[in-house]
Amino acid sequence: MERHGGRGTRTAGSGDADGGAHTVRRAYVGSFTSAGGLGVTAARLDPRTGALTPTGSTAEVADPSFLALGPGGAVLYAVSETDEGAVAAFDTTGPAPRLLGAPRPVGGSGPTHLAHTAGHLVTAHYGSGGVSALPVGADGTPGPVTGLVRHRGSGPDPERQSAPHAHQVVPAPDGSLLTVDLGTDSVRVCALDPATGGLTVRGETALRPGSGPRHLAFHPSGAYVYVLSELAPTLTVCRWEARTGALVPLGDVRLRPPRAPGVGYPSALAVSPDGRFVWAAVRGDDTLAVLELDGDGERARPVAAVPTGGHWPRDLTYDPRGRRLYVAHERSGDVTWFDVDPRTGVPSRAGAAPAPAASCVVLA
């Protein structure tokens, strides 16, 4: 896991208006400061072309490797992926993100993911293997930890799975939290008490030993969940039973041919807003795997693998219309955008913007 540092703020550009006929949108890029990243960068997004134009950055927080927007988009949250582990809040109304107060400890090391739900920030800690909850105040800043769950267990890979490694925490449509643990080859279902901020584990679903699950995403219907595994490059289709809070694995889909040369480590996935496609970024291969879903989302079929145009794609996201994908390349240091064929789901590269040590990209 990378470690990074650096402080300071850099601003360029002027606000959000582009003077054109299209509504301007924004993007935010997280990066590893100790690897030369700029911290958290804001950019204008041209809705006609998809192009990103950076407007300002701040490196006041070390290693803001994952970002999430609060309700309405006025506040942006970032983990600080350090041994100490923290979250930070940023005001997004200016050309550069502005830090709101001091970063808040999360009660675990190496946080890699966070989400805003039910008036709280929930964070996943890769280093110490757990999940925490922090209440969000009226000003958008997080308070002290109110709930903490420490994962237990291990997996068969002695180098990567000797201990728990919670990699992601995702709110379910019913308010449950799903936590993906690469070290224990499992997904836990947790409950967050909105009144107290307490966390409790309701159940745990075991996945294939040694698969190393990393991220998951829901189908738009809320009935199915797609779990992306890093150590065995597969996508596991699961049924989500909201009434009982159970995750039921249905089958695995390979993201690489069985005898493909080199290595491939899946990192992130996205589901199209219409529920027809899943895209998965694969590091090493540096490809976007395209999978077509059946009518209700229960089955996934690989249809293409498209080069990402950069090195080590760590994150990807899509615009709300599903017309474009954005990929953050950590090692080549850029964010690349793609136009998506609405019929086939296959993306084609449309442009790129420099973003040193990029680790995450979110759209506003």
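**A walk through an all-strand chain**

Residues 1-22 are the place to begin with caution, for pLDDT stays under 50 over this stretch, although the model still has 57 contacts for it beyond four places in sequence. The structure is a predicted model, and the protein chain as a whole averages a pLDDT of 93, with 93% of the residues scoring at least 70.

The overall architecture comes next. The secondary structure of the protein chain comes to zero helices and 30 strands. Its radius of gyration is 19 Å, close to the 21 Å that the globule rule gives for 364 residues, so the chain is as compact as a globular protein of that length. Along its principal axes, the C-alpha trace spans about 50 × 45 × 35 Å. Of the 364 residues, 56% count as buried, and among the contacts with a separation of 6 or more, 49% are accounted for by residues 24 or more positions apart.

From the whole chain we turn to its interior. In soluble globular proteins, nonpolar side chains tend to be buried together. Here the largest nonpolar core has 24 residues, and those with the most contacts inside it are Leu 67, Leu 76, Phe 90 and Leu 114. Two or more residues are given to this core by each of strand E3 (40-45), strand E5 (67-69), strand E6 (75-80), strand E7 (86-91) and strand E30 (358-363), and E6 supplies the largest share, five residues.

Phe 90 shows what such a position looks like in detail: leaving aside residues up to four places away in sequence, Phe 90 touches Val 40, Thr 58, Val 61, Ala 74, Val 75, Leu 76, Ala 78, Pro 97, Arg 98, Leu 99 and Leu 100. Apart from the largest core lies another, of 16 residues, which includes Ala 217, Tyr 226, Leu 228 and Leu 269.

One sheet can be followed strand by strand. Four strands, in the order E18-E19-E20-E21, form an open sheet in which the pairing is antiparallel. Strand E18 (213-218) and strand E21 (246-254) are the edge strands, each of which pairs on one side only, and from one strand to the next the twist averages 25°. At the E18 edge, five bridges join E18 to strand E19 (residues 224-229), the two running antiparallel; in E19, Ser 229 is the bridge partner of Pro 213. Readers tracing this sheet may also look for Ala 217, Tyr 226 and Leu 228, which are among the members of the 16-residue core.

Technical notes. Residues are numbered from 1 along each chain as its sequence is written. This is a predicted model: local features need pLDDT of at least 70, side-chain atom pairs count only at pLDDT 80 or more; totals for chains, interfaces and linings use all residues. Side-chain values use heavy atoms; hydrogens and water are left out. Two strands pair if DSSP finds at least two bridges between them. Axes are lines fitted to C-alpha atoms, for helices over the stretch in contact, and angles run from 0 to 180 degrees between N-to-C directions. pLDDT is the predictor's confidence in each residue, from 0 to 100. Contact means heavy atoms within 4.5 Å. A nonpolar core is a set of buried Ala, Val, Leu, Ile, Met, Phe, Trp, Tyr and Cys residues joined through side-chain atoms within 4.5 Å. Buried means under 20% relative accessible area, exposed over 50%, partly exposed in between (1.4 Å probe, protein chains only). The radius of gyration is taken over C-alpha atoms; the globule rule is 2.2 Å times the number of residues to the power 0.38.
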